[in-house]
Every structure is written in C-alpha cells, then in structure tokens.
Amino acid sequence: MSPEYFDAHITPLGWQQVDNLRKHVHECGLAKRIDLVIVSPLLRTLQTAVGVFGGEGYTDRMDIVPLMVANAAKSNRAAISSLNCPPIIAVELCREHLGVHPCDKRQNISDYQLLFPAVDFSLIESDDDTWWKADVRETKEEVAARGLKFLNWLWTRKEKEIAIVTHSGFLFHTLSAFGNDCHPLVKKEICKHFANCELRSMVIVDRSMMGLDPSTTNYPGKIPSGLDLPSDVVDKKAEEKRT
C-alpha cells in the first residue's frame, strides 16, 4: 500500500534474475524462435521484457533507437539495443490485478516512451492510467475475465511463438479458468503461482479449431508424382485380391 512503490521498478536482485533468464533463453535457442514479445505496460515488466529479449549492447546511432535508454528509472543499466530481437508490444489487458495497490498503477505512456523508445505502445488508447482506481480493487473473477479476453485477443495475432511478460497474480487468476477437465494434479500445475522471472512454455489450443489449421511443417509427399516401386505394386496387388 506504500506510495513509495508506485509503479515499482526492478531491484538489483531482480536485474540479476533478468540476466539469468536472458542467458537461459539464449542457451536453449528460444530467443531465436520468438516472433513477438507482448508486455504489460508497467515499469517492472517493461524492464524485464527488454532485459530478457532485447538485443546486445547498444551504441548511439541516429537511425536506430534503443529499446531502453541508459539508466532508465535509475537502474544503473546500460542502454539496450533494438537490433536483432523480436518486436515488443505493450498491451493493457495483461496488466497486474488492478486498483488500490500503488505498485500496480502505471505511469503515463508518454513517460514510458522516453525510457523505452523502441517499444510499441500504439495499442494503448489512453496516455494516463484510466484503468487503476484508488478505492476499487478488481475482483478475482474480473481479473480472470480480463485474462480470457486477453487470450482471445492473442488468437488475432498471426505470430505463433509469442513471449508474454506479465504478472504472477494475473497469470494465476487467468490460468485458474483452465484445466477443470484434467486430473487435479494437472490442474494444480497449470495455475500455480509463477516465481520471479519464471518462464513456462505453453501451447494454447482452441478445441473448436482442431484440424482446421494445418501444420506449416507438414509435407504432402509424392512430388513429383509417379509410380513408387515396389510399394505401389504391393498396394495394387492387394487391391486386386480384395476385388
């Protein structure tokens, strides 16, 4: 509840956790597969997103703006490059539990744009924070409903490998809506709270669409077409025996 923690920033320990996660996503090859990074527009998630998925060391150039300027929010961190990294888009729907707590109130978007010049804030409609209320806390059900709305929005994206940098509370209430038809241990695994800088890979499937979206890695075979020997001969003989 302390106003001191308004839009809380990452601590030195937090930056160590970011650095370790960055090392992991590069060592396991995930960094090269990510098509898009979606981030909650709060300072701590913006810092995490650019710290983990941003480019290597930035040098001042007139034609390339950094993902994060040097010493952003008194972080004592060097500027982070926007080269050779996926695009990063801020999305309001995946913010932390809204209301009452000052740490979950965001700054004006125009302030963030000065700190994170290459982050795309174009999807956020209001410069000031119209979602956070000082005297009204979102209910758990409202957080979950917002989370499902966010997941529905994800279906509109053409990208397949998407990193989402968001918050433990938001993820807990959103993911708690899933797994009700699974074994209790699976349900527990799906919605357990995330640790700081924890990364989980999930495949989201719309069951109503199963079978309608062919894999982009499938290959039909028999190109060019022709008589494959001896398998086609065997198949033909088997067909003749059946008739």
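This short presentation covers one sheet and two loop residues of a predicted model.

Good morning, colleagues. I begin with the sheet. It is open and consists of three strands in the order β4-β1-β5, and the pairing is parallel. The edges are occupied by β4, residues 88–90, and by β5, residues 162–165. Each of these two has a single partner strand, so one side of β4 and one side of β5 remain without a neighbour in the sheet. On average, neighbouring strands here are turned by 25° against each other, with direction ignored.

Let me turn to one pairing in this sheet. Strand β1 spans residues 36–39 and joins β4 in the parallel sense, over three bridges. At the level of residues, valine 39 is placed opposite alanine 90 of β4. As a general reminder, strands of a sheet pair through backbone hydrogen bonds, in either a parallel or an antiparallel manner.

I now move to the loop between β2, residues 55–57, and β3, residues 80–81. Which residue of this loop has a positive phi of about 60°? That residue is asparagine 71, which shows this value although it is not a glycine. Its relative accessible area is 37%, and because partly exposed residues fall between 20% and 50%, asparagine 71 belongs to that class.

Alanine 73 is also located in the loop between β2 and β3. Its phi is positive as well, near 55°, again in a residue other than glycine. How accessible is alanine 73? Its relative accessibility is 27%, so alanine 73 counts as partly exposed.

To close, the two points to inspect in the model are the parallel sheet β4-β1-β5 and the loop that holds asparagine 71 and alanine 73. Thank you.

Conventions
Residues are numbered from 1 along each chain as its sequence is written. This is a predicted model: local features need pLDDT of at least 70, side-chain atom pairs count only at pLDDT 80 or more; totals for chains, interfaces and linings use all residues. Side-chain values use heavy atoms; hydrogens and water are left out. Two strands pair if DSSP finds at least two bridges between them. Helices (H or I, at least four residues) and strands (E, at least two) are DSSP runs, numbered from the N terminus. Axes are lines fitted to C-alpha atoms, for helices over the stretch in contact, and angles run from 0 to 180 degrees between N-to-C directions. Buried means under 20% relative accessible area, exposed over 50%, partly exposed in between (1.4 Å probe, protein chains only).
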